[in-house]
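I opened my notebook for a slow walk through this structure, jotting down what I looked up along the way. Come and read along.

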Amino acid sequence: QVQLVESGGGLVQPGRSLRLSCAAAGSIFSINYMGWYRQAPGKERELVADITNDGITNYGDSVKGRFTIAKDNPKNTVYLLMNSLKPEDTAVYYCNWRVRTATGRADVWGQGTQVTVSS
């Protein structure tokens, strides 16, 4: 069974940067999709950024130009570099992978990491 573990969240002042990491544990044959989503209190979960196995990236409108998603295939890890953070970026951030394992396809979510942007 594949598990995803996020790290790198925390409290940061507006304008500063954070880097989130999402690493997989378990046996993966292939990764088709990696994404970062976030959910703020009282709001629906929304896409932050994603990247396909071909390296094509996509960003939510609110983070374009500030956030960057990148993957390290040998390490089975995906990163989210967040620059120029704003208070409205405060949320729980989740990673989501669509993978193929020995038992078939799986849509896997991490447990989430809290990001709080406040002075």
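These entries go from the core to the rings, the pocket and a few single residues. A reminder to myself before I start: the model is predicted.

**Entry 1: the core**

I began with the nonpolar core, keeping a general tendency in mind: in soluble globular proteins, nonpolar side chains are often buried together. Here the largest such core holds 30 residues. I looked for the members with the most contacts inside it and found Trp-36, Leu-80, Met-82, Tyr-93 and Trp-97. Then I asked myself which strands each supply at least two residues of this core. My list reads S3 (18-25), S4 (30-39), S5 (46-52), S7 (67-72), S8 (77-82), S9 (91-101) and S11 (113-117). The largest share comes from S9, with 5 residues.

**Entry 2: rings and a charge**

Next I turned to the aromatic side chains. How many aromatic pairs does a search of the whole structure find? I wrote down 1.

Arg-45 earned a note of its own. I found Arg-45 over the face of Tyr-94, 3.9 Å from the ring centre. The charged end of Arg-45 also sits over the ring of Trp-109, and there I noted 4.7 Å to the centre. So that I remember the cut-off: CZ of Arg has to be within 6 Å of the ring centre to count as sitting over a ring.

**Entry 3: the pocket**

I then looked up the largest pocket, which has a volume of about 180 Å³. Its lining is made of 13 residues. Which of them lie nearest the centre of the pocket? I noted Arg-38, Ala-40, Lys-43, Glu-46 and Glu-88. Sorting the lining by residue kind, I got 8 charged, 3 polar and 2 nonpolar.

**Entry 4: two positive phi values**

I went looking for backbone angles and stopped at Asn-76, where phi is near 50°, a positive value in a residue other than glycine. Asn-76 is placed in the loop between S7 and S8. I put Asn-76 down as partly exposed because its relative accessibility is 22%, and buried would require a value under 20%.

Ser-84 gave me another such note: its phi is also near 50°, positive although the residue is not glycine. I located Ser-84 in the loop between S8 and S9. With a relative accessible area of 39%, Ser-84 counts as partly exposed.

**Entry 5: residues apart in sequence**

From Ser-84 I went across to Leu-18, a residue of strand S3. The two are 66 residues apart along the chain, and their C-alpha atoms are separated by 9.2 Å. Is Leu-18 buried or exposed? Its relative accessibility is 16%, so I entered Leu-18 as buried.

Glu-6 came next, in strand S1 (residues 3-7). I wrote Glu-6 down as buried because its relative accessible area is 5%. How far apart in space are Glu-6 and Trp-109, C-alpha to C-alpha? I noted 9.7 Å, with their positions 103 residues apart in sequence. Trp-109 was already in my notes as one of the rings under the charged end of Arg-45.

My last lookup was Ala-49, found in strand S5. Its relative accessibility is 0%, so Ala-49 goes into the buried column. I paired Ala-49 with Thr-101: they are 52 residues apart in sequence, and from C-alpha to C-alpha I recorded 24 Å.

How values were computed:
Residues are numbered from 1 along each chain as its sequence is written. This is a predicted model: local features need pLDDT of at least 70, side-chain atom pairs count only at pLDDT 80 or more; totals for chains, interfaces and linings use all residues. Side-chain values use heavy atoms; hydrogens and water are left out. On a 1 Å grid over the protein atoms alone, a cavity is a set of points where a 1.4 Å probe fits but cannot get out, and a pocket is an open set with protein on both sides within 12 Å along at least five of seven lines; lining residues have an atom within 4 Å of a point. Grid points are joined across faces, edges and corners, and a volume is the space filled by probe spheres set on the points. Ala, Val, Leu, Ile, Met, Phe, Trp, Tyr, Cys and Pro count as nonpolar, Asp, Glu, Lys and Arg as charged, and the others, Gly among them, as polar. Rings of Phe, Tyr and Trp (its six-membered ring) pair if their centres lie within 6.5 Å; planes under 30 degrees apart count as stacked, over 60 as edge-to-face and the rest as tilted. A charge sits over a ring if NZ of Lys or CZ of Arg is within 6 Å of the ring centre and within 35 degrees of the ring normal. A nonpolar core is a set of buried Ala, Val, Leu, Ile, Met, Phe, Trp, Tyr and Cys residues joined through side-chain atoms within 4.5 Å. Buried means under 20% relative accessible area, exposed over 50%, partly exposed in between (1.4 Å probe, protein chains only). Helices (H or I, at least four residues) and strands (E, at least two) are DSSP runs, numbered from the N terminus.
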